[in-house]
Amino acid sequence: MLKQIWSKLPRKSSKSSSDSSAESTRYSNSPRATSQSQSNGGGGGGKRTAVFPASVVAGIEPLVPFKDVPNSEKMNLFVSKVSLCCVTFDFTDSSKNSVEKDVKRRTLIELVDFVASASGSSGSCSIRFTEPAILALCRMCAANLFRVFPPNYRSNCSVGDGGGDSDNNDCDGEPMFDPAWPHLNLVYDLLLKFITSSCVDAKVAKKYIDHSFILRLLDLFDSEDPRERDCLKTILHRAYGKFMVHRPFIRKSINNIFYRFVSESERHNGIAELLEVYGSVISGFALPLKEEHKIFLWRVLVPLHKPKSVGVYFHQLSYCVTQFIEKEPKLTSTVIRGLLKFWPVTNSQKEMMFLGEIEEILDAINMVEFQKIMVPLFLRIGCCINSYHFQVAERALFFWNNDNIVNLIAHNRQVILPIVFPAFERNAQSHWNPAVLNLSLNVRKMFMEMDEVLFQSCHAHFEEEEAKLSLAAEKRKEAWERLENAASLQPITGNTAVLVTPLATSITC
């Protein structure tokens with residue numbers, strides 16, 4: 001394996017430094033060079049707009065420490081060390097290539113320290129990274145990081161309701177850790193420090209950290225290792241801040257991942273991290289919001305409440321929605337209508353999450369927007385109050401512990417009380433859970449003290465409706481009794497029973 005490492009280095013040192021720099025900036029477009037790059041892991045799979053250069057600065061020994069060379073040669077040494085790290089290893093077997101792995105590890109650590117120290121504590125650059133150095137680093141990151149993940153069978157498990165199928169051992173919710181992570185972590189750390197370094201010219205770096213590089217970086221968010229996704233989240237956030245020209249493309253690419261997740265597969269490991277990045281992006285949107293941002297809210301964020309696995313990324317999703325509402329309060333009614341559209345009527349855990357998000361939105365809503373959605377909203381809340389799942393009923397009744405929501409309800413009690421009054425009465429009469437029963441009685445008493453005349457009117461109307469329902473139930477019961485009596489008087493011939501008339505179709509047992 002050492003021969004493979006040394007094969008990355010040139011055999012001749014006759015070219016000058018300027019010639020070698022020019023050589024480093026050329027792309028290797030030959031089939032042989034392309035296949036070599038792919039064999040190292042940097043070009044296999046996916047579309048590429050550039051093939052990263054395979055050249056190394058001539059005449060530089062890569063194992064020499066940075067402190068032993070003058071400043072004029074440090075950038076050449078940097079390129080040589082980075083090119084040395086393009087060789088990849090199999091980390092599933094710790095006994096293979098242990099010496100070479102250790103050499104590469106120490107080289108990566110040295111590169112991380114060099115990039116970190118280049119800016120200095122004051123932020124001033126002691127040395128600026130040249131274009132060949134940027135090219136070499138991008139190529140090295142591509143060779144080590146960009147890879148295809150094996151099929152994720154665990155993603156078939158639903159974790160939105162508490163961890164998935166308990167009968168399936170593959171759905172235990174335990175994260176899977178990449179055995180190569182100690183090595184990958186150094187590469188990610190180097191890339192992060194390189195992107196955030198003030199010694200890297202964004203105008204030059206954007207040519208190599210391009211759309212293709214960003215797409216491959218986004219593909220890595222599907223990694224099952226949470227440590228890798230956390231590093232990617234930080235790197236993507238820093239890249240979004242540094243390369244302003246790429247911002248629209250990054251947003252569009254993330255949107256496409258969300259679209260595929262919601263509309264096609266519902267399988268992706270990095271939705272929570274991508275939403276966390278997008279939350280910081282939304283906070284930087286200028287006012288008034290562009291139409292594309294409003295479309296993102298309606299077509300992406302609201303439908304993201306639908307998948308079964310929403311519990312995995314619900315906190316990040318709720319934060320993004322809240323950011324939009326804080327930016328433009330007029331979007332509140334749009335969000336609540338969307339939540340009502342995707343309401344999880346058969347999933348109690350999701351229903352509780354939805355109620356929590358609704359309460360958070362109502363806590364900041366203005367009166368105009370509240371009046372637009374109060375009728376359909378409280379029809380749904382009334383159903384939740386009558387839920388036989390006591391936690392859902394409790395969560396809905398806790399709305400009346402929020403002073404802001406109580407104030408909104410009090411100002412619109414003429415509309416809201418007739419909607420929710422039957423739910424409180426039925427709970428007070430027959431709910432099985434003592435806590436829900438007591439909460440219902442407390443809210444009922446609150447309404448009575450708020451407007452006794454309206455309360456009595458609603459109570460009388462409820463009694464009338466209950467009497468009508470009881471009368472209708474009695475009529476149905478009597479009708480069935482008449483049918484049963486008529487059927488019992490019909491003759492039975494053999495094994496044939498005639499239910500109503502002799503013309504009725506008989507059923508032979």
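This passage walks through a predicted model of a protein chain, from its overall make-up to some helix contacts and single residues.

Start with the chain as a whole. Its 509 residues are 44% buried, and its secondary structure comes to 22 helices and two strands. The accessible surface adds up to about 26200 Å², with carbon and sulfur atoms accounting for 54% of that area. As for how the chain folds back on itself, take the contacts between residues at least 6 apart in sequence: 73% of these link residues at least 24 apart.

Toward higher residue numbers, helices H20, H21 and H22 give two packing contacts that share H21. Helix H20 covers residues 413–430, and its axis comes within 10 Å of that of H21, with a crossing angle of roughly 145°. The crossing of H20 past H21 is left-handed. On the H20 side, the contact involves Arg413, Leu417, Val420, Phe424, Glu425, Asn427 and Ala428; facing them in H21 are Val436, Leu437, Ser440, Leu441, Val443, Arg444, Phe447 and Met450. Sorted by class, that contact between H20 and H21 holds ten nonpolar, two polar and three charged residues.

H21 itself runs over residues 434–450 and also packs against H22, residues 452–489, at an angle of about 125° with the axes 5 Å apart. Angles between 115 and 145 degrees fall outside the parallel, antiparallel and perpendicular classes, so H21 and H22 count as oblique to each other. H21 brings Arg444, Phe447, Met448 and Met450 to this contact, while H22 brings Glu452, Phe455 and His459. Here the split is four nonpolar, one polar and two charged residues. Some H21 residues turn up on both sides of the story: Arg444, Phe447 and Met450 are listed in the contact with H20 and again in the contact with H22.

Another helix pair is found earlier in the chain. Helix H10 (residues 226–242) and helix H12 (residues 271–283) have axes that come within 9 Å and cross at roughly 25°. Since angles under 35 degrees count as roughly parallel, H10 and H12 are roughly parallel to each other. Their crossing is right-handed. H10 offers Arg229, Lys233, Leu236, His237 and Tyr240, and these meet Glu273, Leu274, Glu276, Val277, Ser280 and Val281 of H12. In terms of class, the contact of H10 with H12 is made of five nonpolar, two polar and four charged residues.

Lys233 is worth a look of its own within this pair. This lysine sits in H10 and has a relative accessible area of 15%, so Lys233 counts as buried. Leaving aside residues up to four places away in sequence, Lys233 touches Phe221, Glu273, Glu276 and Val277. Of these, Glu273, Glu276 and Val277 are also named on the H12 side of the helix contact. Asp230 is likewise part of H10, but with a relative accessible area of 38% it is partly exposed. The C-alpha atoms of Asp230 and Leu274 lie 9.9 Å apart, with their positions 44 residues apart along the chain.

Finally, there is Thr130, which is placed in the loop joining helix H5 (98–119) and helix H6 (131–145). Its relative accessibility of 34% makes Thr130 partly exposed. Thr130 and Asn76 are 54 residues apart in sequence, and their C-alpha atoms are 9.4 Å apart in space.

Notes
Residues numbered from 1 in each chain as written. Predicted model: local features only at pLDDT ≥ 70, side-chain atom pairs only at ≥ 80, totals over all residues. Heavy atoms only, no water. Axes fitted to C-alpha atoms, helices over the stretch in contact; angles between N-to-C directions. Helix = DSSP H or I, 4+ residues; strand = E, 2+ residues; numbered from the N terminus. Parallel < 35°, antiparallel > 145°, perpendicular 65-115°, else oblique. Contact = heavy atoms within 4.5 Å. Nonpolar A, V, L, I, M, F, W, Y, C, P; charged D, E, K, R; others polar. Left-handed = near helix turned anticlockwise from the far one by under 90°. Buried < 20%, exposed > 50% of the residue type's maximum accessible area, 1.4 Å probe, protein only. Areas by Shrake-Rupley, 256 points an atom, 1.4 Å probe, with all protein chains shown as cover.
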